[in-house]
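Work through the exercises below with the model open. Try each task before reading its solution.

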Amino acid sequence: MSEISLFQAFIYLLAAVLCVPIAKRLGLGSVLGYLIAGVLIGPFVLGPVLGTSSGDEVEDIMHAAEFGVVMMLFLVGLELNPKEFWKMRKRIVGIGSIQLFGTLLIVAPICLHFIGLNFGASVAIGAAVAMSSTAIILQTLSEKGLTKTPCGQSSFSVLVFQDIMVIPILAVLPLLAVKSTIVTYGDHHTLLDGAPGWMKTLAIISAIGLVFFVGNYIVNPFFKYIARLQVRELFTSFALMLVIGVSVLMNYVGLSPALGAFMAGMTLANSEFKHQLESDIEPFKALLLGLFFIAVGSTINFRLIANEPLTIVALVIGIMLIKGIVLMIAGWIFKLKFNQNLLFALLLSQVGEFAFVILNISNQLQLIPKHWVDLLLATTAITMAVTPILLIVNEKWIVPLMGMKRIKAGGFEDDLEYDFGDLTDKKVIIAGYGDFGNTVGRIIKYSGFNATVLDNDSERVELLRKLGYNVHFGDATNLNTLKAVKADEADLLIAAIDPTEVNKKLVELVRQNFPHLKILIRSRNRFDAYDYLNAGYDKVYRETFYTAIEVGVDALEELGWNHEDAIRQGEIFKLADRASLKKLSKHTHNMEEYISVSREEIEKIRLKLKEGMNLQMIVNKEDKNSDER
């Protein structure tokens, strides 16, 4: 790395360190702080004075900074668990398709009939404009505490649909191209230079297939091997190598590295290593994503804006107005209240980072005239910069005018009237899934609650997954891992890690960083229990099968059950597990047979606990009706 490159890195980091705290202090948010930093050190403000930002250098930095978006899309893909996706399918497909196709069907005819572009160019521009910024929106939702609101859930649904639809959009673009060959501009070359346009579609399909094949049949087994070695930095290295490798593959065939990372994340969404991957990638993503926002700010072409100000202003206002109207209609169809709908429209009204990808590929395919590509790239950067300002205006002036009072960061009292459905379910984290944690976990799970389970023994995780348990490999004593499993949103933590020293480290870490989180603690003996009690913890249990049941019972009470119902559930579990133990003892000589019978016994115990739960619900209902009479 040259001295100039090191100096550039220093200037970029210095700009972030100076601008972001000021922006946060003024209530502008970190995204706008990064964008302002980029504008200041860009080629049109202080860049020539600093000697760090010629146009070519900014473009190079933009390519490097896009790796932050690559990592973010990888993490978004990891979050797309097929089961969760299926639960949200109506909202994702419904509100997502209204937004994307609604915008496309308005913008494309305008380009075709009023601007005079051909059909292929009009469709490409419509698709690019329909994209919103995943980076800005997710960052804003997280900072303002809006993730759980109807607006936040609707925004996430639209973003997921857009990210998925990028794949077919990029596959269709080459088929719309008037020219027959792919043209590469600048120094960036791909394997498809000079090839027929239809080769791009074939390359996309092949690359997607390769990513899914490698993710399912090579990456997961290799992660298992690395996990057994218990070398933390090797796991992190392999995670980074995976993301970089997918990016390199996509670059070679002229596709978006972010798109490849998103698909790789989706491939690993069901992997037991997903939470450990999240915790390892998160620090790199946060830093590089900030660099991406700086790069976006530095690429705003003020010379082009000065030469064609009316055109740029018309494009920015027109695009954001069209998208805002479409989004308001989508929100109205899905019954968002007005204040949430307005925030939803403002959040997604900008043009996002995938527009850079669509426009650049359209440029390579000679699908859109170069002048219009430049105009739209400048417009995209400006809409991304304008969005945080619009959100501040909405938060400080528009929503309060509706007579609503702030009750929390990013939220207003009217938001509480919404029924969040599954989002209000109690969230439980179980750290350590040996015999003790397993017993507690089964009582909680079979009583109708979902629990996120972490264990750092890869062989145990593999066996438990074969038995049908939803267990994840991960170091629960790592703060990033706890954030990855959303400990800040959880209601209860079962601390059951062995050895004791590690469990104590977890408990202290949780108390310092998640003070709201209730903790039930396993201790190995009396002396361990003394230490916990002297430290101020009162929910401490010495380990045996029966105390594990006691923990399960207390956990049910913490999650809202009354004492009698929880006790009865523990008794049912104890009897069912004792019968299961006798049956399983006859099959320990054959592991495959043992796993098969274990799965049958697990289902039997689950059904017995469910029957007990349903019976109690009937009794409670009859008691309620009797009281009413």
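The exercises cover one helix and a set of salt bridges in this predicted model.

**Exercise 1.** Check whether the end-to-end distance of helix α24 agrees with its residue count.

*Solution.* Helix α24 runs over residues 545-558, which is 14 residues. At 1.5 Å a residue, the expected span is 20 Å. The end C-alpha atoms lie 20 Å apart, so the two values agree.

**Exercise 2.** Describe the two ends of α24 and its packing.

*Solution.* Begin at the start of the helix: a side-chain oxygen of Thr544 comes within 3.3 Å of the backbone nitrogen of Tyr546. Then look just past the helix, where Gly560 has a positive phi of about 120°. Next, list buried residues; among them are Ile549, Val553 and Leu556. Finally, find the partners: the buried residues of α24 pack against α19, β6, β7, β8 and α25.

**Exercise 3.** Place the salt bridge of Glu558 in the structure.

*Solution.* The partner is Lys539, at 3.9 Å from N to O. Glu558 belongs to α24, while Lys539 sits in the loop between α23 and β8, so the bridge ties parts 19 residues apart in sequence. Glu558 has 24% relative accessible area, so Glu558 counts as partly exposed. Lys539, at 29%, is also partly exposed. Shared partners join Lys518, Lys539 and Glu558 into one network.

**Exercise 4.** Is Glu272, the salt-bridge partner of Arg465, buried or exposed?

*Solution.* The two side chains meet at 3.9 Å, N to O. Arg465 lies in α20 and Glu272 in the loop between α12 and α13, so the pair ties parts 193 residues apart in sequence. Buried means under 20%. Glu272 has 6%, so Glu272 is buried. Arg465, at 23%, is partly exposed.

Definitions and conventions:
Residues are numbered from 1 along each chain as its sequence is written. This is a predicted model: local features need pLDDT of at least 70, side-chain atom pairs count only at pLDDT 80 or more; totals for chains, interfaces and linings use all residues. Side-chain values use heavy atoms; hydrogens and water are left out. Helices (H or I, at least four residues) and strands (E, at least two) are DSSP runs, numbered from the N terminus. The expected span of a helix is 1.5 Å times one less than its number of residues. Buried means under 20% relative accessible area, exposed over 50%, partly exposed in between (1.4 Å probe, protein chains only). Contact means heavy atoms within 4.5 Å. A polar contact is a pair of N or O atoms within 3.5 Å; within protein, one must be able to donate a hydrogen and the other to accept it, and residues adjacent in sequence count only if both atoms are side-chain atoms. A salt bridge is a side-chain nitrogen of Lys or Arg within 4 Å of a carboxyl oxygen of Asp or Glu.
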